[in-house]
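Student: Could you take me through one helix of this model closely, and then show how that part fits into the nonpolar core?

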Amino acid sequence: MTDDVMAEINTGLQQHISGDRAGAREKFAALWERIGEDGDPLHRCALAHYMADVCDDPADELAWDLRALAAADLLTDERAQEYHATLAVRGCYPSLRLNLAEDYRKLGDHESAKTHWELGQGTLGALGDDPYGLGIIEAYRALATRLDIESDSPDFRARR
């Protein structure tokens with residue numbers, strides 16, 4: 001089954017990756033108007049997650065990342081797997097928590113940043129030993145340095 005909204009989200013993501021942040025932001029904003037606050041949690045989670053990446057204002061980025069987290073909390077594995085058989089909701093949380101920690105750091109709220117970083121540590125077991133998972137682990141490591149955090153997480157230590 002083709003998911004037209006996810007296809008449009010991916011088109012916006014490709015715009016962003018190719019350097020057209022403004023175009024991606026316009027595409028994502030139009031899609032958000034269509035799906036809205038009460039739309040499919042898969043669509044809201046993906047769209048808000050990518051919209052945050054094209055925001056210039058850290059407060060706007062935080063607002064979108066919070067929307068993504070709220071949508072993930074409503075998303076089921078069954079719905080995620082309708083889109084792609086290998087998706088599991090728990091696999092969303094390492095990136096979502098990392099982004100929130102970084103947003104709070106940018107805004108100067110280091111306590112909230114550390115809280116989300118620590119919450120994210122508990123989700124690292126959902127990551128695979130593939131380039132994506134290893135990239136997320138490396139991003140946690142880099143953020144830990146910026147936040148002056150030492151981690152005792154087995155998942156974090158095992159992947160050093």
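Tutor: What follows is a close look at helix H4 and the core to which it contributes.

This is a predicted model, in which local features need pLDDT of at least 70 and side-chain atom pairs count only at pLDDT 80 or more, while totals for chains, interfaces and linings use all residues. Residues are numbered from 1 along each chain as its sequence is written, and side-chain values use heavy atoms, with hydrogens and water left out.

Helix H4 covers residues 58-74, helices being DSSP runs of H or I with at least four residues, numbered from the N terminus. Its 17 residues should span 24 Å at 1.5 Å a residue, which agrees with the 25 Å between its end C-alpha atoms; the expected span is 1.5 Å times one less than the number of residues. At the start of H4, a side-chain oxygen of Asp57 comes to within 2.8 Å of the backbone nitrogen of Ala59.

Among the buried residues of H4 are Leu62, Trp64, Ala68 and Leu69, where buried means under 20% relative accessible area with a 1.4 Å probe, protein chains only. The buried residues of H4 pack against helices H2 (21-35), H3 (41-53) and H6 (93-106).

Trp64 is also among the residues with the most contacts inside the largest nonpolar core, which has 43 residues; such a core is a set of buried Ala, Val, Leu, Ile, Met, Phe, Trp, Tyr and Cys residues joined through side-chain atoms within 4.5 Å. H3 gives the most to this core, with 7 residues. Because domain 1 (1-76) and domain 2 (88-159) both give residues to this core, it lies between them, the domain bounds coming from an automatic or database assignment.

Technical notes:
Helix = DSSP H or I, 4+ residues; strand = E, 2+ residues; numbered from the N terminus. Buried < 20%, exposed > 50% of the residue type's maximum accessible area, 1.4 Å probe, protein only. Contact = heavy atoms within 4.5 Å. Polar contact = N/O pair within 3.5 Å; in protein donor to acceptor, adjacent residues only side chain to side chain.
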